[in-house]
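Good morning, everyone. Please have a look at the model on the screen, and I will walk you through a few places in it.

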Amino acid sequence: MSKFVIKGGKSLCGEVNISGAKNSAVAIIPATILANSFCILENIPNISDVHTMFQILKQMGATVEQLDATTYKIDATKITVTDVFFPQVGNMRASYYLLGALLGQKHTANVLMPGGCEFGERPINLHLKGFKALGAEYSVLGGLNASISVNAKRLVGSYIYMDVVSVGATMNIMLAAVKAEGTTVIENAAREPHVVDLANFLNMMGANIKGAGTSTVKITGVKELHGVTYSIIPDQIEAGTYMTAVAATHGKAVIKNIIPKHLEPISSKLVDMGIKVSVNYDEDSITVNAIEKFYACDVITAPHPGFPTDMQPQFVVLLAMAEGTGIIREQVWESRFQYVSELQKTGMDITIQSVKKKDDFLLIQGGKKLNGAEMTATDLRAGAAMIIAALCIDEESTISNIKFIERGYDDVIKKFRSLGADIQRIED
Ligand code: UD1
């Protein structure tokens, strides 16, 4: 088992480069199944979720060739396997995109139940509702080899209203509808940057998708999609994590290779707290300067362009370093506070105010003296929060279960070191 050993207490300063977006990559890689020739994908992050998706595609019959550090050639035209029962499928949430892509291309898919970071119930009823509206039949099998199968004789465009905003369902329905007959409208669609990225990729391949990034997405089916070369967007949450780490350690650093617009929900909160944030549009970079005191605020997570739930644990640590009492309300996931007990080991003053599930909130009293601790990452973003906590503390801390962190953060040791952090990865 590997661990991170961190000796904190230094302000992070310098520059860090942001990699391609995890949540785009894990959807765009399976979307290559829809193309009639190979695709070249650029700016692919070196993270385990991406490698897991590549392994799955290879076992299905695709060829994947690495052209340089971040560029891959994927030829999914030889895929014949539509029963996807490889164990890797159960290791990641995004394997649900195999359902949409296979349904769109082959009209059939039988996929092991997706796994991934567990923070309570992660239903897929809206994905299935969308597939059904397009004319597919589905069945969900429970038990040890729980799986979902979808089949359609024809896929026909439809109007799909989503009563809950879902990133995964919006993107999966796009994949299934892109080659359907006629027009599909997704109402109350998710507006996250990776929804737009997937739509841009599919449109470049010849699809006809309008309105991605708004709450109404219209997809007019086309007969064929061709291979393309496409560069995926920078990772909003990776950038937000480094911005938060720099701020929490009272540092000053430049975060490079970002799309400033995607960071607005995060940078506006930093500004509310009294942290200086400046954007350099010519250089696609953002500078965070938290050398002076900053103050607590209230945070409510919401679908984009609201404050991202995937930044919630990192902001708990930031609030613990602020002056005053901060509040965090989680409104996207039902139970995303299970990591709090790990952060409390450092002496952080965090209390869960229980109202009822989904209305629980955190009260974080800033400015407490913290101590080094042995923490265990409970999921990807909670693990990132633990790194930030350790970086704030002038003692040694360890973080185990780092497989969660490596699922979604590219070259985390090198990047934190480029900001002056004392962080090592050791084998236990
Ligand atoms: C994606 C991200 C995840 C992020 C989340 C919200 C990927 C691989 N993962 O997850 O990191 O935390 O968006 O930004 O992109 N819901 C339903 N029925 C469904 C689907 C979802 O009720 O069929 C609910 C969920 O319980 C949750 C909310 O919708 O309360 C949002 O979930 P969703 O946007 O679908 O998250 P994911 O796409 O799984």
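Let's start in a loop. Asp284 is found between strands β16 (276-280) and β17 (285-289). This is a predicted model, by the way. Phi of Asp284 is near 50°, a positive value, and the residue is not a glycine. In general, most residues other than glycine have a negative phi. Is Asp284 buried, partly exposed or exposed? It counts as partly exposed, because its relative accessibility is 39%, and that class runs between 20% and 50%.

Now a second residue with a positive phi. Asn43 has phi near 65°, and it is not a glycine either. Look for Asn43 in the loop between β3 (39-42) and α2 (48-60). Asn43 has a relative accessible area of 17%, so it is buried. The cut-off for that word is under 20%.

One more loop. The peptide bond from His304 to Pro305 is cis. Its omega is near 10°. Most peptide bonds are trans. Pro305 sits in the loop between β18 (298-300) and α9.

That brings us to α9 itself, residues 312-320. Why can we call this helix largely enclosed by the rest of the structure? Because nine of its nine residues are buried. Among them are Phe315, Val316, Val317, Leu318 and Leu319. Gln312 and Gln314 are on that list too.

Compare helix α5, residues 167-177. This helix is mostly covered, with 10 of its 11 residues buried. The buried ones include Met171, Ile173, Met174 and Leu175. Asn172 is buried as well. What caps the N-terminal end of α5? Ser166 does. A side-chain oxygen of Ser166 lies 2.9 Å from the backbone nitrogen of Ala169.

Stay with α5 for a moment, and bring in helix α3 (residues 97-106), the place of Ala101. Ala101 has a relative accessible area of 0%, so it is buried. Along the chain, Ala101 and Ala176 are 75 residues apart. In space, their C-alpha atoms are separated by 5.9 Å. Which residues touch Ala101, leaving aside neighbours within four places in sequence? Pro30, Ile33, Leu34 and Leu175.

Now zoom out. The protein is divided into two domains. Domain 1 takes in 2-18 + 234-427, and domain 2 is 22-231. Their C-alpha centres lie 30 Å apart. How many residues meet where the domains touch? There are 23 residues of domain 1 in contact with 20 residues of domain 2. Together the domains bury about 1,800 Å² between them. Of that area, 53% is on carbon and sulfur atoms. Three residues stand out on the domain 1 side: His304, Trp333 and Arg407. They supply 38% of the area that domain 1 buries against domain 2, more than any other three residues. We met His304 before, at the cis peptide bond.

What about polar links? Between the domains, the count is one salt bridge. Asp49 forms a salt bridge with Arg407, and the closest N and O atoms are 2.9 Å apart. There are also six residue pairs in polar contact between the two domains. On the domain 1 side, α11 (380-392) and α12 (403-406) each give two or more residues. The largest share, three residues, comes from α12. By class, that side has seven nonpolar, seven polar and nine charged residues.

That's my tour. Thank you.

Technical notes
Residues numbered from 1 in each chain as written. Predicted model: local features only at pLDDT ≥ 70, side-chain atom pairs only at ≥ 80, totals over all residues. Heavy atoms only, no water. Domains from an automatic or database assignment. Contact = heavy atoms within 4.5 Å. Buried area = accessible area lost by both parts, 1.4 Å probe. Salt bridge = Lys/Arg side-chain N within 4 Å of Asp/Glu carboxyl O. Polar contact = N/O pair within 3.5 Å; in protein donor to acceptor, adjacent residues only side chain to side chain. Helix = DSSP H or I, 4+ residues; strand = E, 2+ residues; numbered from the N terminus. Nonpolar A, V, L, I, M, F, W, Y, C, P; charged D, E, K, R; others polar. Buried < 20%, exposed > 50% of the residue type's maximum accessible area, 1.4 Å probe, protein only.
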